Amino acid sequence: MANKVSNFSDLIQRVAASCLLHPLAAGRHDPGDAPENRAVEQEAYDEYDSEEEEDEEREGLRVWEESQGEGRADNRVMEMEMLMSEVFETVSSMKRAYVSLQEAHCPWDSDKMRMADVAVVSELRRLGVLRERFRRKVGRRAGGSAHGPVAATLREVVAPYEAAMEDLKRAVKASEVEVENLKEKLKSATSLTKKGRFQSKKKVSCSQGQVATLPAPDLFEGTMGVVKEASKSFTAMLLSLMRSAHWDIAAAVRSIEAATAATGTAADTAISVVGAHHAKYALESYVCRKIFQGFDHETFYMDGSLSSLLHPDQYRRDCFAQYRDMKAMDPVELLGILPTCHFGKFCTKKYLAIVHPKMEESLFGDLEHRRQVLAGNHPRSHFYSEFLGLAKAVWLLHLLAFSLDPPPSHFEASRGADFHPRYMESVIRYSSGRVQPDQIVGFPVSPGFKLGNGSVVKARVYLVSRS
């Protein structure tokens with residue numbers, strides 16, 4: 001504006017100077033000066049007119065830009081309102097779908113749950129689409145901090161639903177994996193066609209990780225090694241629980257010794273022959289005696305079956321097929337699917353024989369394990385899982401014994417018998433590495449077997465001095 005005033009003042013001065021130097025008079029003309037003055041005046045008028053035109057153009061452009069800016073702002077506000085309206089509608093729909101998903105859990109309705117799950121996922125995806133629209137149309141257009149708070153607020157609203165969607169995806173993947181695992185286990189339990197590797201709780205493999213194609217004596221010897229490790233593990237846990245329950249371990253050992261004595265009087269068992277730190281061997285002897293009872297019968301005397309006598313060849317093939325299929329199975333999972341199979345009945349019988357009611361009540365404070373077992377179920381406790389490891393090892397050994405032709409002969413050392421290194425091994429390790437000549441059997445710990453090829457699985461015994 002100051003520029004405009006300055007130009008106008010110059011124009012007035014020029015016109016005034018021209019009038020003073022060349023007054024208008026009728027008939028007076030200066031031929032030398034007239035063209036030059038007229039040119040100066042015309043130039044001044046032209047400059048003034050051009051300045052006015054430029055000012056008018058700038059003013060019109062400013063008004064047009066302001067009107068366009070107001071229009072764009074109105075459009076952005078409308079877009080934001082529409083976007084937020086869609087966000088609120090989507091959130092409301094997702095809440096309704098989530099309520100339906102919860103209602104489908106109780107009572108359980110798989111079809112309704114599947115439909116509600118699809119609806120929740122669909123609404124979450126719709127929220128994701130709205131978020132991308134916001135980022136493209138609003139976030140990029142902002143170009144600065146004007147829309148920063150709005151974008152941050154929208155992100156905060158959407159973030160929990162994104163996290164929920166990721167959790168749902170992870171849960172779906174985990175469920176799919178679990179379903180596949182259960183299908184495989186069910187297939188193994190019903191068709192008995194799966195082959196695999198068996199590992200005991202002590203990571204002992206009885207066949208070097210390979211499934212044998214035919215029953216063999218060395219396979220039986222390896223399986224007996226698994227039984228040995230499993231019996232040690234279960235006995236250690238049982239002894240630990242007895243000590244925690246403040247049992248009189250010495251009295252328990254004397255009771256076990258009395259039970260293992262073939263003939264004896266009160267004087268024979270008044271003083272225990274077991275050392276202070278060897279109570280575990282007496283307890284293992286008790287466990288092995290109970291769990292191996294009936295081993296020479298094809299069903300542990302659970303029924304009167306005579307299949308091994310009526311159809312010996314077919315029965316041997318069936319036993320070995322069961323051995324191969326069960327070898328790779330987890331006993332807990334197997335009994336969860338087939339709790340009343342022959343192996344399940346064997347576990348029930350042996351658990352009730354080993355853990356009598358007073359023992360269980362003193363160890364755990366109740367009889368819950370016994371109630372479940374009597375009802376045909378199998379507890380999911382660490383103690384019972386340890387017992388199942390031993391029961392499975394003995395069951396596999398039994399299947400192998402009835403797969404071999406001829407079957408192994410079972411023997412057990414007697415209390416007070418002389419030590420025979422070919423048929424016995426001491427559970428106590430001597431510093432010299434050799435058993436002293438005056439040692440006799442204090443009590444048997446686990447049985448031995450003589451195989452058809454002449455090899456012997458030695459019976460484990462606890463030795464004491466003859467004197």
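This report describes strands, aromatic contacts, salt bridges and a surface patch in a predicted model.

**Strands**

An open sheet is built from three strands in the order S1-S4-S5, and its pairing is antiparallel. The edge positions are taken by strand S1 (409-411) and strand S5 (456-457); each has a single partner strand, so one side of each is left without a neighbour in the sheet. S4 and S5 run antiparallel and are joined by two bridges. Within this pairing, Lys450 has Val456 in S5 as its bridge partner.

S3 and S6 also pair in the antiparallel sense, over six bridges. Opposite Ser446 stands Arg460 in S6. How much of S3 is buried? Eight of its eight residues are, so S3 is largely enclosed by the rest of the structure. In general, strands of a sheet pair through backbone hydrogen bonds, either parallel or antiparallel.

**Aromatic contacts**

The structure holds 20 aromatic pairs. One of them is the edge-to-face pair of Phe220 and Phe449, with 5.2 Å centre to centre and 80° between the planes. This pair links distant parts of the chain: Phe220 belongs to helix H5 (residues 217-244) and Phe449 to strand S4 (residues 448-450), 229 residues apart. Both Phe220 and Phe449 are buried.

A stacked pair is formed by Phe443 and Tyr462, whose rings are 4.9 Å apart centre to centre, with 10° between the planes. Phe443 is in strand S3 (residues 439-446) and Tyr462 in strand S6 (residues 459-465), so the pair ties together parts that are 19 residues apart in sequence. Phe443 and Tyr462 are both buried. The strands that carry these two rings, S3 and S6, are themselves paired in the antiparallel sense.

Phe220 and Phe449 also belong to one aromatic cluster, together with Phe292, Phe295, Phe300, Phe343, Phe346 and Trp395. A ring contact of another kind involves a charged side chain: Arg422 lies over the face of Tyr423, at 5.4 Å from the ring centre.

**Salt bridges**

There are eleven salt bridges in the structure. In general, side chains of opposite charge can pair when their charged atoms come close. The table gives three of the salt bridges, with the N to O distance for each.

| Basic residue | Acidic residue | N to O distance |
|---|---|---|
| Lys112 | Glu103 | 3.7 Å |
| Arg371 | Glu368 | 3.1 Å |
| Arg466 | Asp418 | 2.8 Å |

Where do the partners of the Arg466 and Asp418 salt bridge lie? Arg466 is in the segment after S6 and Asp418 in the loop between S1 and strand S2 (424-426), so the pair ties together parts that are 48 residues apart in sequence. Asp418 has a relative accessibility of 39% and therefore counts as partly exposed.

The salt bridge of Glu368 and Arg371 falls within one helix: both residues lie in helix H14 (residues 368-374), three residues apart, about one turn of the helix. Glu368 is partly exposed, with a relative accessible area of 33%, and Arg371 is partly exposed at 48%.

In the salt bridge between Lys112 and Glu103, Lys112 counts as partly exposed at 36% relative accessibility, and Glu103 counts as partly exposed at 43%. Elsewhere, Arg131, Glu132 and Glu162 are linked in a network of salt bridges.

**Helix positions and spatial contacts**

Glu89 is located in helix H2 (residues 34-103). Its relative accessible area is 44%, so Glu89 is partly exposed. Glu89 and Glu123 are 34 residues apart in sequence, and their C-alpha atoms are 9.7 Å apart in space.

Phe134 is part of helix H3 (residues 110-142). Is Phe134 buried or exposed? With 4% relative accessibility, Phe134 counts as buried, because the limit for that class is under 20%. Its C-alpha atom is separated by 10.0 Å from that of Arg155, 21 residues apart along the chain.

**Surface patch**

Leu306, Leu309 and Leu310 form a nonpolar patch on the surface, and their accessible area together is about 340 Å². Of these residues, Leu310 is placed in helix H9 (residues 307-310). Leu310 has a relative accessible area of 61%, and is therefore exposed.

Technical notes:
Residues numbered from 1 in each chain as written. Predicted model: local features only at pLDDT ≥ 70, side-chain atom pairs only at ≥ 80, totals over all residues. Heavy atoms only, no water. Patch = residues over 30% accessible without salt bridge, like charges linked within 9 Å, V, L, I, M, F, W, Y side chains within 5 Å. Areas by Shrake-Rupley, 256 points an atom, 1.4 Å probe, with all protein chains shown as cover. Salt bridge = Lys/Arg side-chain N within 4 Å of Asp/Glu carboxyl O. Helix = DSSP H or I, 4+ residues; strand = E, 2+ residues; numbered from the N terminus. Buried < 20%, exposed > 50% of the residue type's maximum accessible area, 1.4 Å probe, protein only. Phe/Tyr/Trp six-rings, centres within 6.5 Å; stacked < 30°, edge-to-face > 60°. Lys NZ or Arg CZ within 6 Å of the ring centre and 35° of its normal. Pairing = 2+ DSSP bridges.
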